[in-house]
Every structure is written in structure tokens, then in C-alpha cells.
Amino acid sequence: MAWQQIVKGPGNRPFFVGGAVDDGITLKKLDIFLTFMRAGTLAEAADQLGLSVVSVHRAIHSLEEALKCPLFRQEGRLLVPLPSAQVLAEQGQQVLASLDDAIKAVRETAGVYSNQFKLGALYSLTLGTVPQLIAGLKLRKGELNIELTLDSNTQLFAKLKALELDVILVALEPGFDDPEFITLPLYQDDICLAVPPDSPLQALPQTNLDNLNDATFVTLAKGFATSQDSYRAFNKAGMTPNVVMQVSDIFSLISMVSAGVGLALLPRRVEAVFENKIRLIPLTPECQVTQQISMVCLASRERDPRILSCIAECRSYARRIAPK
């Protein structure tokens with residue numbers, strides 16, 4: 001294996017210099033050697049490493065042979081370190097520390113195994129789901145720096161694939177199944193008709209959309225899960241809605257409905273927060289649509305410790321809110 005200069009020893013002399021290093025010098029043997037230097041005895045080093053005394057002794061002797069210089073002198077059953085062993089211990093610790101720093105830097109550059117956790121979610125999930133999940137995740141891993149991105153279903157999936165996000169909270173289509181992703185269902189939410197508080201429709205126990213052919217509607221732009229689900233409901237009702245405006249977030253949509261610009265289809269989860277601005281009317285079974293809110297991550301990154309913590313917290317959250 002060819003090495004470039006890594007660290008410098010006494011007198012600023014290089015410990016490893018560009019060139020060939022004997023294959024007998026390995027990081028495993030160096031780790032065993034350093035453990036022995038700290039422990040002081042073969043038996044204690046073997047116990048710390050979970051190896052036999054013979055294995056520890058063999059690794060140290062093999063390292064001496066590869067270095068082509070003695071590291072210890074034998075005094076009975078004891079190995080007494082020579083000055084060469086002290087130099088190797090000092091420089092070897094620097095080598096392992098430098099390697100550890102390099103591994104951390106590489107992983108952080110790749111966006112994995114760092115303290116930064118990038119969570120993506122739908123705007124509507126900030127009303128309850130996202131704050132509760134973040135609070136639970138911080139209790140599990142307090143060192144995480146959580147960065148939240150709000151966007152449409154389409155954009156969140158694109159950012160997840162591009163490794164710009166670690167986990168996303170989205171609404172999945174019925175029957176969604178893609179081996180590229182790991183999905184964890186959180187809960188289901190019904191799509192309802194949203195009307196202003198003073199609308200005569202607000203007294204209805206439920207409504208069929210085909211009775212609203214003359215009404216005007218406001219929708220989210222394409223790419224948003226609620227927009228897609230709204231058109232699923234319209235199609236089931238066999239109607240073509242008169243859409244007078246499209247907006248880019250659910251809060252603007254609620255404001256438009258409240259101001260009387262038009263009706264809209266919204267998930268039930270917004271009702272508790274905005275009941276003074278809108279009323280939600282359930283749809284009849286013929287045009288009813290249900291959203292499946294789920295956590296999604298890339299299957300290739302499922303073992304990332306941060307993502308595992310998020311999966312555990314999502315499972316706990318799903319159990320807490322499940323109907324009794």
C-alpha cells in the first residue's frame with residue numbers, strides 16, 4: 001500500500017513517507033499494540049480487546065517483524081517497552097486520530113452519520129405532526145441539529161432522492177410500493193369540503209361534490225398531495241371543478257376560502273387550528289378520498305443512526321395517536 005506523509009515524529013521526521021509500507025503493518029495490529037501500551041500487560045489487553053493472550057502477543061510480534069525493529073525486551077513473562085515502542089505509541093495515536101477525523105469529514109460531506117438531520121414535510125403537517133415528532137426526536141438524540149424543509153410532495157421526493165433530505169413526511173398514493181424507499185405509515189386523514197364559516201353549506205352533515213357544479217374552487221398547485229387528492233375526489237364525483245385560483249401553500253388556500261374566493265378540499269387535520277376561519281364538511285362515500293400520511297426514507301440509508309432514531313420516534317408517535 002502506498003502512503004503519503006501522514007504525521008511527523010521526533011525532530012519533525014516523517015513517520016510515514018510516500019512509498020511502500022509493509023503489508024504486515026495494519027490498523028488492526030496498531031490498535032492491538034496501543035491497547036497493550038495502555039493496559040501494561042498482555043492479559044489486560046486481551047481482556048479489553050476480547051482476544052486471547054496468544055493473539056495479542058502474535059499481533060505485537062508480527063508488527064515488530066513488519067517494522068524490522070524491536071519494540072520490547074523480554075523480562076521473564078513481561079514485555080518491557082523500548083524507546084521505539086514509545087515513539088510508535090505516540091505517532092500511532094496520531095495516525096488513528098487523523099484517520100478518525102478523515103472518516104468523520106467524509107461522512108459529514110456525504111450527509112450521513114453527522115449531527116445534522118434534514119427533515120422534509122408537507123406544510124399542513126406543521127400544525128401538529130411535525131412539532132410532536134421533532135420534540136420526541138430531540139429527547140431521543142439531543143445532539144441532533146434538525147433542519148426543517150417545507151414543500152410539496154413532488155419536491156420533497158426529489159430532494160430525498162438527491163440526498164438533500166434525510167427523511168420526509170408526506171401523503172402517499174393508495175398502493176404506493178417502491179423498493180427504493182422505506183415507508184412507515186403514521187395515520188390516515190380524510191379529505192373534506194372547506195367552506196367559509198357563514199356559508200349555508202356549513203350546516204350539512206356531509207356533501208356530494210356533484211351538487212357543487214356551479215361553485216367556484218381554489219386549489220393548491222400541481223405537485224401538492226392535497227391538490228392531487230382533490231382532483232381524485234372531483235373525478236370520483238364525475239365533475240369538472242370551476243377553479244378560479246391556485247396557490248402554493250395550504251395556509252394561503254385556507255385564507256382564500258375564509259375570504260369567500262372559493263371552496264376547497266382540505267385534509268381534516270387543519271380543522272382544529274382554523275375552525276374560526278373555515279368549516280369542514282365530510283364527503284359522501286361516493287367521492288370520499290383518504291390520505292395516508294407516512295414517513296419515507298431511502299432504503300439504502302435505513303441503517304443511518306439518525307434515521308433509525310426517526311423511525312423509532314415515528315413508530316412511537318403512530319402508536320400514541322392510533323384510535324383506541
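**The whole chain**

Ten helices and 13 strands make up the secondary structure of the protein chain in this predicted model. Begin with the entire chain in view. Its radius of gyration is 31 Å, whereas the globule rule gives 20 Å for 324 residues, so the chain is more spread out than a compact globule. Turn the model along its principal axes, and the C-alpha atoms fill a box of roughly 100 × 40 × 30 Å.

Next, switch on a surface display. The accessible surface of the protein chain amounts to about 16700 Å², and carbon and sulfur atoms hold 52% of that area. Of the 324 residues, 42% count as buried. If the side chains are coloured by charge, 31 positive and 34 negative ones appear, and the centres of these two sets are 5 Å apart. Contacts may be displayed as well: among those with a separation of 6 or more, 71% join residues that are 24 or more positions apart.

**Strand S13 and its partners**

Select residues 290-298, which form strand S13. Is this strand mostly covered or mostly uncovered? Strand S13 is mostly covered, with seven of its nine residues buried.

Add residues 167-172, strand S7, to the selection; S7 pairs with S13 in the antiparallel sense through five bridges. To find one of the paired positions, pick Ala 171, whose bridge partner in S13 is Ile 293. Then add residues 181-195, strand S8, which also runs antiparallel to S13, here over nine bridges. On this side, Asp 190 stands opposite Thr 290 of S13. With side chains shown, a general rule may guide the eye: in a regular strand, the side chains alternate between the two faces of the sheet.

**Helix H6 and the loop that follows**

Move to helix H6, residues 153-161, and select Leu 156, which lies in this helix. Leu 156 has a relative accessible area of 0%; it is buried because this value falls under 20%. Which residues touch Leu 156, once its neighbours within four places in sequence are set aside? The contacts of Leu 156 are Gly 120, Ala 121, Leu 122, Thr 149, Asp 151, Leu 165, Ile 168, Leu 169 and Val 170. Draw a distance from Leu 156 to Gly 136 as well: the two are 20 residues apart along the chain, and their C-alpha atoms are separated by 22 Å.

Continue into the loop between H6 and S7, where Leu 163 is found. The phi angle of Leu 163 is near 65 degrees, a positive value in a residue other than glycine. Leu 163 is partly exposed, at a relative accessible area of 46%.

**Helix H5**

Select residues 129-140, helix H5, and within this helix pick Leu 139. Leu 139 has a relative accessible area of 77%; it counts as exposed because this value is over 50%. From Leu 139, a line drawn to Asp 47 spans 35 Å between C-alpha atoms, with 92 residues separating the pair along the chain.

**Lys 68 and the S3-S4 hairpin**

Now go to the loop between helix H3 (53-67) and strand S3 (72-75), and select Lys 68 there. Lys 68 is exposed, with a relative accessible area of 66%. What is the phi of Lys 68? The angle is near 65 degrees, which is positive although the residue is not a glycine.

Extend the selection through S3 and strand S4 (residues 78-81), which pair in the antiparallel sense over four bridges. One of these pairings joins Glu 75 to Leu 78 in S4. Together S3 and S4 form a hairpin with two residues between them, and in the turn Gly 76 has a positive phi of about 65 degrees.

**Helix H9 and its neighbouring loop**

The final stop is helix H9, residues 271-274, where Val 273 is placed. Val 273 is partly exposed, with a relative accessible area of 42%. Select Leu 127 together with Val 273: although their positions lie 146 residues apart along the chain, their C-alpha atoms are separated by 7.3 Å.

Then select Glu 275, in the loop between H9 and strand S12 (279-282). Glu 275 counts as partly exposed, at 48% relative accessibility. How many Å separate Glu 275 from Arg 301, C-alpha to C-alpha? The distance in space is 40 Å, and the two residues are 26 apart in sequence.

Technical notes
Residues numbered from 1 in each chain as written. Predicted model: local features only at pLDDT ≥ 70, side-chain atom pairs only at ≥ 80, totals over all residues. Heavy atoms only, no water. Rg over C-alpha atoms; globule rule 2.2 N^0.38 Å. Buried < 20%, exposed > 50% of the residue type's maximum accessible area, 1.4 Å probe, protein only. Contact = heavy atoms within 4.5 Å. Areas by Shrake-Rupley, 256 points an atom, 1.4 Å probe, with all protein chains shown as cover. Lys, Arg positive; Asp, Glu negative; His and termini not counted. Charge placed at Lys NZ, Arg CZ, Asp CG, Glu CD. Pairing = 2+ DSSP bridges.
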